[in-house]
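Reader: Please take a close look at one part of this model, the second strand, and follow its contacts outward into the rest of the chain. I would like one connected account and not a list.

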Amino acid sequence: MSLHHDSFVADLHCDTVWPVSQGADFAGGNTHSHIDLPRLVAGGVNLQIFACFLHHDIPADQRVATVDRLLDRLDAMFAAGSDRIVQARSATEAERIVAG
């Protein structure tokens, strides 16, 4: 385990935004998705990239509104865990955050 905790741990894809948009609790922990903030912290994850995807059954005329809701939910996830997680919207922002 020391290798894990001494390393920079990055997970480059998770679909947690969708379960959170359906009511899963990201900041407090949940059983509806594979990732939540308590598990990221406990697991020593330094960088997590969140994917916003659409289920194939979303009607075409509702896709833009659905993506907007997912992005709003993503912003709310970061606001709810702001004492433990920081949002980066580019590689430059991520590098700045990691550098401290």
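Author: What follows starts from the overall layout, turns to strand S2, and then moves outward to the parts around that strand.

The model is predicted. Its protein chain has five helices and two strands, and read from the N terminus the order of these elements is α-β-α-α-β-α-α. Along the principal axes, the C-alpha atoms fill a box of roughly 50 × 30 × 25 Å. Of the 100 residues in the chain, 27% count as buried.

Strand S2 covers residues 47-50. Its partner is strand S1 (residues 10-14), and the two run in the parallel sense, paired over three bridges. At one position of this pairing, Cys14 stands opposite Phe50 of S2.

The side chains of S2 alternate between two faces. Gln48 and Phe50 point to one face and are buried, whereas Leu47 and Ile49 point to the other face and are not buried.

Phe50 leads from the strand to the aromatic contacts. A pair of aromatic rings is described by the distance of the centres and the angle of the planes. The model contains three aromatic pairs. In one of them, the rings of Trp18 and Phe53 have centres 5.9 Å apart and planes at 45°. The pair counts as tilted because this angle falls neither under 30 degrees, the limit for stacked rings, nor over 60, the limit for edge-to-face rings. Trp18 lies in helix H2 (residues 17-21), while Phe53 sits in the loop between S2 and helix H4 (63-80), so the contact ties together parts that are 35 residues apart in sequence. Trp18 has a relative accessible area of 17%, and it is buried because that value is under the 20% limit. Phe53, at 27% relative accessibility, counts as partly exposed.

A second pair starts in the strand itself: Phe50 and Phe78 meet edge-to-face, with 5.9 Å from centre to centre and 90° between the planes. This pair also links distant parts of the chain, since Phe50 belongs to strand S2 and Phe78 to helix H4, 28 residues apart. Both Phe50 and Phe78 are buried. Ring pairs also bring in Phe26, which makes a cluster of Phe26, Phe50 and Phe78.

Phe78 then leads on to the largest pocket, which holds about 540 Å³ of space. The pocket is lined by 22 residues, and those closest to its centre are Leu47, Gln48, Phe78, Val86 and Ala88. Helix H3 (37-42), S2, H4 and helix H5 (91-99) are the elements that give two or more residues to this lining. By residue type, the lining divides into 16 nonpolar, four polar and two charged residues. Leu47 and Gln48, both among the residues closest to the pocket centre, point to opposite faces of S2.

The helices that join S2 in the lining can be followed further. Of the nine residues of H5, the number buried is zero, so this helix lies largely in the open. Gly100 follows H5 and has a positive phi, near 90°.

Charged contacts complete the picture around these helices. Side chains of opposite charge can pair when their charged atoms come close. Across the whole structure there are three salt bridges. One joins Asp75 and Arg89, whose closest N and O atoms are 2.7 Å apart. Asp75 is in helix H4 and Arg89 in the loop between H4 and H5, 14 residues apart, so this bridge links distant parts of the chain. Asp75 is partly exposed, with a relative accessible area of 31%, while Arg89, at 59% relative accessibility, counts as exposed.

Another salt bridge is formed by Arg39 and Asp36, with the closest N and O atoms 2.8 Å apart. Its two members differ in exposure: Asp36 counts as buried at 2% relative accessibility, and Arg39 as partly exposed at 38%. In the remaining bridge, Asp83 and Arg84 have their closest N and O atoms 3.5 Å apart. Asp83 is exposed, with a relative accessible area of 64%, and Arg84 counts as partly exposed at 41% relative accessibility.

To return to the strand, S2 pairs with S1, reaches H4 through the rings of Phe50 and Phe78, and gives residues to the lining of the largest pocket.

Technical notes: Residues are numbered from 1 along each chain as its sequence is written. This is a predicted model: local features need pLDDT of at least 70, side-chain atom pairs count only at pLDDT 80 or more; totals for chains, interfaces and linings use all residues. Side-chain values use heavy atoms; hydrogens and water are left out. Rings of Phe, Tyr and Trp (its six-membered ring) pair if their centres lie within 6.5 Å; planes under 30 degrees apart count as stacked, over 60 as edge-to-face and the rest as tilted. Helices (H or I, at least four residues) and strands (E, at least two) are DSSP runs, numbered from the N terminus. Buried means under 20% relative accessible area, exposed over 50%, partly exposed in between (1.4 Å probe, protein chains only). On a 1 Å grid over the protein atoms alone, a cavity is a set of points where a 1.4 Å probe fits but cannot get out, and a pocket is an open set with protein on both sides within 12 Å along at least five of seven lines; lining residues have an atom within 4 Å of a point. Grid points are joined across faces, edges and corners, and a volume is the space filled by probe spheres set on the points. Ala, Val, Leu, Ile, Met, Phe, Trp, Tyr, Cys and Pro count as nonpolar, Asp, Glu, Lys and Arg as charged, and the others, Gly among them, as polar. Two strands pair if DSSP finds at least two bridges between them. A salt bridge is a side-chain nitrogen of Lys or Arg within 4 Å of a carboxyl oxygen of Asp or Glu.
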